[in-house]
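User: I would like a close look at one helix of this chain and at what surrounds it. Please set the scene with the chain as a whole before you turn to that part.

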Amino acid sequence: MAQDESSAVDPQKATAARSVREGRWNLAVPVFLIGFMGAGKTSVAQQLAVTRGLMSVDADEYLELREDRVIADIFAEEGEEAFRRMETEVLRDLAGRVPRLIGCGGGAPLREENCRIMHDAGFVVYLEVTADEAAARIPNTVSRPLFKDLDTARHTIVERMPKYEAAADAKVSTMGRTVPEIADEVADILERAGVLSRMAAR
Ligand code: S3P
């Protein structure tokens with residue numbers, strides 16, 4: 001997934017200019033971006049945050065800050081189950097805060113409890129990707145203990161697909177598309193759903 005030239009513009013200046021010209025954007029409820037590792041959840045959340053002046057957070061980064069450890073260490077020291085418990089706590093915490101874009105970890109919809117938290121609090125967008133394209137986008141899989149290798153990733157995606165589908169309010173394909181293209185489609189969906197709206201210009 002390549003960034004196109006529009007992302008080379010100084011994003012803060014562009015956002016400020018746009019906010020003044022067109023009015024600010026507002027999220028009515030938290031928006032959870034879900035999907036497999038490498039789907040672009042973090043990049044798309046950041047792109048939307050920058051172009052629409054919205055708040056965004058990466059749930060994994062938030063968890064790492066809270067725990068003062070990287071995810072690979074949490075897996076190595078305490079195992080996946082412990083990580084999943086922390087992930088649920090983080091999702092519950094973020095779901096109760098001021099609405100923002102939330103890039104979720106790829107395994108977030110594996111727990112029913114997480115799906116309930118996301119569904120009850122906000123709007124869930126599933127970013128679809130194949131294992132092959134995800135592998136091409138992820139430069140280093142060491143930080144993602146569950147990516148392992150391409151064959152494992154292919155199986156894991158197939159296994160998880162029904163959970164992603166069931167958890168989602170909307171689905172967006174990311175295949176062969178740039179981050180700004182995907183972000184624009186997500187924004188259109190959110191606008192149509194009444195989740196994203198423009199406040200009056202100053
Ligand atoms: C995981 C995905 C990772 C991270 C953890 C587990 C998964 O997040 O939460 O390594 O089970 O798919 P990203 O999807 O942001 O890489």
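Analyst: Beginning with the whole chain of this predicted model, the accessible surface comes to about 10100 Å², and 50% of that surface belongs to carbon and sulfur atoms. Of the 202 residues in the chain, 45% are buried, and the chain holds eight helices and seven strands. Among the contacts with a separation of 6 or more, 78% are accounted for by residues that lie 24 or more positions apart.

The helix to look at closely is H5, which spans residues 112-121 and has Asn114, Ile117 and Met118 as its buried residues. Seen down the axis of H5, these buried residues fall within an arc of 90°, and therefore they line one face of the helix. On the other side of H5, the residues Glu112, His119 and Asp120 are exposed. The cover over the buried residues of H5 includes strand S2 (31-34), helix H4 (71-95) and strand S5.

Strand S5, which is part of that cover, comprises residues 123-128 and runs parallel to strand S6, to which it is joined by four bridges. Within this pairing, tyrosine 126 has lysine 171 of S6 as its bridge partner. Strand S6 itself, residues 170-173, has two faces: Ala170 and Val172 make up the covered one, whereas Lys171 and Ser173 make up the uncovered one. The bridge partner of tyrosine 126 thus belongs to the uncovered face of S6.

Note on methods: Residues are numbered from 1 along each chain as its sequence is written. This is a predicted model: local features need pLDDT of at least 70, side-chain atom pairs count only at pLDDT 80 or more; totals for chains, interfaces and linings use all residues. Side-chain values use heavy atoms; hydrogens and water are left out. Buried means under 20% relative accessible area, exposed over 50%, partly exposed in between (1.4 Å probe, protein chains only). Two strands pair if DSSP finds at least two bridges between them. Contact means heavy atoms within 4.5 Å. Accessible areas come from the Shrake-Rupley method with a 1.4 Å probe; for residues, only the protein chains shown count as cover. The arc is that of the directions from the helix axis to the C-beta atoms.
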